[in-house]
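User: Could you take me through this model before I rely on it at the bench?

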Amino acid sequence: MDDGITAAMRYKEIVGLARASAENLRNWEIGRADELEARLAEAHQTVADAAEREQRAVDRCTRWWKMAQHNVEGLSWLPEDEDPRPVPTARPGYLEKYLEEVKPSYQELVQAVLSLGWRAKRS
């Protein structure tokens with residue numbers, strides 16, 4: 001069964017197909033590597049953004065805490081407390097909600113201290 005194709009021609013055809021397959025695989029691998037690098041860069045940026053948001057939240061809460069401490073420092077009967085610590089069960093998605101609750105809570109504290117009168121505040 002000879003249809004005019006020699007073994008050399010068949011060999012060249014097979015080698016050509018192998019080269020094309022290797023080129024296609026290499027192009028796919030390069031594309032996949034680029035995609036993974038982009039996803040990795042995006043993940044690094046997401047982590048950096050989260051760290052920045054965390055630091056801003058820590059700074060904001062620390063300011064509120066210091067203001068609260070200043071308001072109660074004259075109350076000798078109130079035990080000194082250590083600085084607040086992060087709550088491991090807090091949900092990151094609720095950060096803005098948590099931060100919104102700080103100001104009204106602080107204002108309640110100020111009103112409570114003011115309502116104590118001067119005798120309760122004496123050291």
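The questions below turn to confidence, then to a pair of helices, then to a pocket.

User: Which element of the protein has the lowest mean pLDDT?

Analyst: This is a predicted model, with a mean pLDDT of 86 for the protein and 93% of its residues at 70 or more. Where pLDDT is low, the predicted coordinates should not be read in detail. Among the elements, the highest mean pLDDT, 93, belongs to helix α1 (residues 7-72), whereas the lowest, 60, belongs to helix α3 (residues 117-121).

User: Are α1 and α2 roughly parallel or roughly antiparallel?

Analyst: The axes of these two helices come within 10 Å of each other and cross at roughly 5°. Because angles under 35 degrees count as roughly parallel, this crossing makes α1 and α2 roughly parallel.

User: How many residues of the contact of α1 with α2 are nonpolar?

Analyst: On the α1 side the contact includes A57, C61, W64 and M67, and on the α2 side it includes L99, V102, Y106 and L109. Charged residues take part as well, among them R53 and R60 in α1 and K103 in α2. The contact divides into one polar residue, three charged and, as the number asked for, 13 nonpolar.

User: Which helix supplies the largest share of the lining of the largest pocket?

Analyst: The largest pocket holds about 1300 Å³ of space, and its lining of 36 residues has A57, C61, P84, R85 and P86 nearest the centre. By character, the lining divides into 23 nonpolar, five polar and eight charged residues. Both α1 and α2 (95-115) supply at least two lining residues each, but the largest share, 13 residues, comes from α1.

Definitions and conventions: Residues are numbered from 1 along each chain as its sequence is written. This is a predicted model: local features need pLDDT of at least 70, side-chain atom pairs count only at pLDDT 80 or more; totals for chains, interfaces and linings use all residues. Side-chain values use heavy atoms; hydrogens and water are left out. pLDDT is the predictor's confidence in each residue, from 0 to 100. Helices (H or I, at least four residues) and strands (E, at least two) are DSSP runs, numbered from the N terminus. On a 1 Å grid over the protein atoms alone, a cavity is a set of points where a 1.4 Å probe fits but cannot get out, and a pocket is an open set with protein on both sides within 12 Å along at least five of seven lines; lining residues have an atom within 4 Å of a point. Grid points are joined across faces, edges and corners, and a volume is the space filled by probe spheres set on the points. Axes are lines fitted to C-alpha atoms, for helices over the stretch in contact, and angles run from 0 to 180 degrees between N-to-C directions. Angles under 35 degrees count as roughly parallel, over 145 as roughly antiparallel, 65 to 115 as roughly perpendicular and the rest as oblique. Contact means heavy atoms within 4.5 Å.
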